[in-house]
Amino acid sequence: MRYIFNICLGIILLVQFATAQNYQLDPSFHHNGYLIHDFGQGPDEAASIALLPGGKFLLGGTGWNGGIDFMVARFHADGSPDLSFGSRGRAFIDVSGDDRLVYIKALPDGKILLAGAANVGDIDGPVAGNFALARCLADGRIDSTFGNNGRVITTHGIPDNYNNYATAALVQP
């Protein structure tokens, strides 16, 4: 599944570059215009990006940290890791069992909302589990004032084999 996604993403990017005017990689960004970064001890999967004031950005996804967990990392505008965030620029959040992060949102107060699925099973397999949210503080630590120690899991009575996961989140003002 991941390979199909990467191929589709590559085709979309190729079509965008082929039909766009003068798009070129910015050589001042990280390594000649692109970023490849290993976050954990096993397979990693980037899923969502959130822009921050001042040019920094958050990258959210799923990473291996002794288990499959939500992963969020913060980078400077030039693509270098922001080592003041979490542990060495990244934070892992274990929601419940094996988790998959699908969406990340930077909130106006600096906190970070993460959405996806909990108890999903294999990172390379289909997403099946429970709706999951987590919230972090601006420095990458879990926000214990949100939900149950920073986490919210909702099942809605839908069986696990129906790909139950949050794909986005809307925050009321």
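Which residue forms a salt bridge with Lys111, and how far apart are the closest N and O atoms? Here are some notes on this, and on the rest of the fold, for you to follow along with the model, which is a predicted one.

1. The partner is Asp143, and the closest N and O atoms of the pair are 3.3 Å apart. Asp143 sits in the loop between strand 7 (130–136) and strand 8 (151–154), while Lys111 is in the loop between strand 5 and strand 6 (112–118), so this salt bridge ties together parts that are 32 residues apart in sequence. With a relative accessibility of 3%, Asp143 counts as buried.

2. Asp143 has another salt bridge to look at: its side chain meets that of Arg135, at 2.7 Å from N to O. Asp143 and Arg135 are both buried. Elsewhere, Lys56, Arg74 and Asp82 are joined into one network by salt bridges that share partners.

3. The structure holds six salt bridges, and one of them is worth a closer look: Arg100 and Glu45 meet through their side chains at 3.6 Å, N to O. Arg100 belongs to strand 5 (residues 99–106) and Glu45 to strand 1 (residues 45–51), so the pair links distant parts of the chain, 55 residues apart. Both ends are buried: Arg100 has a relative accessible area of 9%, and Glu45 has one of 19%.

4. A charged residue without such a partner makes a nice contrast. Asp69, placed in strand 3 (residues 68–75), is buried yet has no salt bridge. The nearest side chain of opposite charge is that of Arg151, 8.3 Å away. Side chains of opposite charge can pair when their charged atoms come close. A salt bridge here needs a nitrogen within 4 Å of a carboxyl oxygen.

5. What does Asp69 touch instead? Leaving aside neighbours within four places in sequence, Asp69 is in contact with Gly61, Thr62, Gly63, Phe92, Ile93, Asp94, Gly97 and Asp99. You may like to display this set together when you inspect the site.

6. Now to the sheets. One open sheet has four strands in the order 1-2-3-4, paired antiparallel. Strand 1 and strand 4 (90–93) are its edge strands, each pairing on one side only. From one strand to the next, the twist averages 25 degrees. Within this sheet, strand 2 (residues 57–64) and strand 3 are joined in the antiparallel sense by eight bridges. As an example, Gly61 has Met71 of strand 3 as its bridge partner.

7. Another open sheet is formed by four strands in the order 5-6-7-8, again with antiparallel pairing. Strand 5 and strand 8 stand at the edges with a single partner strand each, so one side of each is left without a neighbour in the sheet. The twist here averages 20 degrees from one strand to the next. Strand 6 and strand 7 run antiparallel and are joined by seven bridges. For Ala115, the bridge partner is Leu133 in strand 7.

8. Finally, is Ile104 buried or exposed? This residue of strand 5 has a relative accessibility of 3%, so Ile104 counts as buried. Beyond neighbours within four places in sequence, its contacts include Ser48, Ile49, Ala50, Leu58, Leu59, Gly60 and Val72, and also Ile112, Leu113 and Leu114. Ile104 and Ala134 are 30 residues apart in sequence, and their C-alpha atoms are 9.7 Å apart in space.

Notes:
Residues numbered from 1 in each chain as written. Predicted model: local features only at pLDDT ≥ 70, side-chain atom pairs only at ≥ 80, totals over all residues. Heavy atoms only, no water. Helix = DSSP H or I, 4+ residues; strand = E, 2+ residues; numbered from the N terminus. Buried < 20%, exposed > 50% of the residue type's maximum accessible area, 1.4 Å probe, protein only. Lys, Arg positive; Asp, Glu negative; His and termini not counted. Contact = heavy atoms within 4.5 Å. Pairing = 2+ DSSP bridges. Axes fitted to C-alpha atoms, helices over the stretch in contact; angles between N-to-C directions.
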